[in-house]
Amino acid sequence: MLNPRLDLLADYPFQRLTELLGPVTADAVVMSIGEPQHAPPPLVAEILAANAGLWGKYPPANGSPDFRRAVAAWLERRFVLPGGLIDPDTAILPVAGTREALYLIAQTVCGQNAAEPPLVLLPNPFYQVYLGAAVMAGAAPVLVAGRDGPVGQPDFTTLPDSVLARTALAYLCSPANPQGAVADRDLLLRNVALARRWGFVLAVDECYSEIWDTTEPAGALSACAALDGRLDNVVVFHSLSKRSSVPGLRSGFVAGDPRVIAAFARLRSYGGAATPLPILAAAAALWRDEAHVAANRDLYRAKVDIAERLLGNRFGFRRPPGGFFLWLDVGDGEAAARTLWQEARLRVLPGAYLARPGADGINPGSAYIRVALVHDLATTEQALTRLAAVL
Ligand SMILES: Cc1ncc(COP(=O)(O)O)c(C=O)c1O
């Protein structure tokens with residue numbers, strides 16, 4: 001009766017965590033989920049209220065011209081793109097959060113009539129939606145380990161031609177969830193060139209790009225600009241959830257190759273949730289404002305400072321170059337998560353739930369826990385003090 005491909009998906013990490021620890025209790029400090037608890041900018045509520053009259057309208061699948069223009073201008077500013085590279089009308093699509101977009105891109109791209117299923121390349125560890133997307137699109141996932149082990153970015157250029165020839169889609173995540181590793185410009189350039197050479201789509205999840213420590217992460221669109229000024233084979237995913245601390249707004253966008261965007265828009269007109277017009281208005285204002293983003297970034301940086309002071313050089317601590325997760329080597333991530341819950345009411349995620357065993361049979365996340373620095377400074381300080389004491 002049900003789609004047998006669903007059997008190929010493991011339970012989502014948070015279900016697995018509930019199985020391991022039981023339900024969240026009132027005294028819990030939840031650092032297992034990357035849900036920013038910073039106050040959202042007041043302009044969100046103001047603009048939603050001012051546009052309340054628009055709740056009565058079905059929104060167009062491709063959003064409003066004002067939203068698309070705000071996004072195009074932001075991309076040009078942030079990634080120093082030449083004017084005209086991003087046509088707001090053909091290269092940008094609003095999405096109801098990037099999770100659905102990262103899922104639907106596989107449906108958009110996979111499905112060629114080949115004798116064997118197409119391949120989808122993903123990092124390992126990885127954001128779990130990539131795997132679900134590949135499997136449900138009928139593709140075979142290929143998990144690619146980090147260049148520097150479980151803390152680094154994968155390098156798809158080292159894969160054999162036999163794999164690349166069958167590849168339909170490759171996911172990169174930079175800054176990476178969970179490790180915070182950033183794909184440098186050289187790696188992005190090589191991946192863009194690789195996607196074009198082998199005719200696959202490179203989907204770059206950049207939803208943590210605005211939360212960085214010392215250096216603004218490069219983006220795949222700047223790699224396109226540097227390479228030849230074309231967007232061929234590349235799409236990037238950006239979200240307001242982390243940048244502007246509004247995960248509940250469900251607002252992001254996809255930008256890139258107009259051929260992919262047009263196909264994606266067609267698919268979404270059947271099965272996607274169009275973003276409501278009041279949300280598009282608030283989102284456009286957020287993309288036009290950098291002051292709240294800089295303040296947000298400073299707050300994350302202050303929490304990483306606390307982590308560095310409290311954890312020092314234990315647990316393989318390193319400042320994440322991007323994003324807001326600590327990725328700590330604790331020997332046995334599940335055991336550590338259990339102990340932290342039982343002894344300190346701290347809820348963290350075992351790294352194994354964010355990875356799958358590689359060809360060597362080893363799960364590259366199993367020694368790690370992921371700790372989301374999403375709370376205020378005082379809560380973070382208390383929680384990390386307890387974490388250090390218990391572990
Ligand atoms: C790597 C990564 N990509 C995408 C998302 C999806 O975010 P949203 O759907 O809120 O845009 C998340 C959320 O946690 C994430 O960690």
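Good morning. I begin with Val-80, which follows directly after helix H3 and takes a positive phi of about 50 degrees. Helices here are DSSP runs of H or I with at least four residues, strands are E runs of at least two, and both are numbered from the N terminus. This is a predicted model, in which local features need pLDDT of at least 70, side-chain atom pairs count only at pLDDT 80 or more, and totals for chains, interfaces and linings use all residues. Residues are numbered from 1 along each chain as its sequence is written.

Let me stay with H3. Its 15 residues, 65–79, should span 21 Å at 1.5 Å a residue (taken as 1.5 Å times one less than the number of residues), and the end C-alpha atoms are indeed 21 Å apart. Among its buried residues are Phe-67, Trp-74, Leu-75 and Phe-79. Buried means 20 or more other C-beta atoms, placed from the backbone, within 10 Å of a residue's own; exposed means 12 or fewer, and partly exposed lies in between. The cover over these buried residues includes strand E2 (92–95) and helix H11 (277–288).

I turn now to the ligand. Which helix gives the most to the shell around it? That is helix H4 (residues 98–109), with 3 residues. Of the 14 residues around the ligand, Gly-97, Thr-98, Arg-99, Ser-239 and Ser-241 come nearest (a residue is near if its C-beta atom, placed from the backbone, lies within 6 Å).

Finally, Arg-266 sits in helix H10 (residues 258–271). Arg-266 is exposed, because 12 other C-beta atoms lie within 10 Å. Arg-266 and Asn-62 are 204 residues apart in sequence, yet their C-alpha atoms are 9.8 Å apart in space.

Technical notes:
Two residues are in contact if their C-beta atoms, placed from the backbone, lie within 7 Å.
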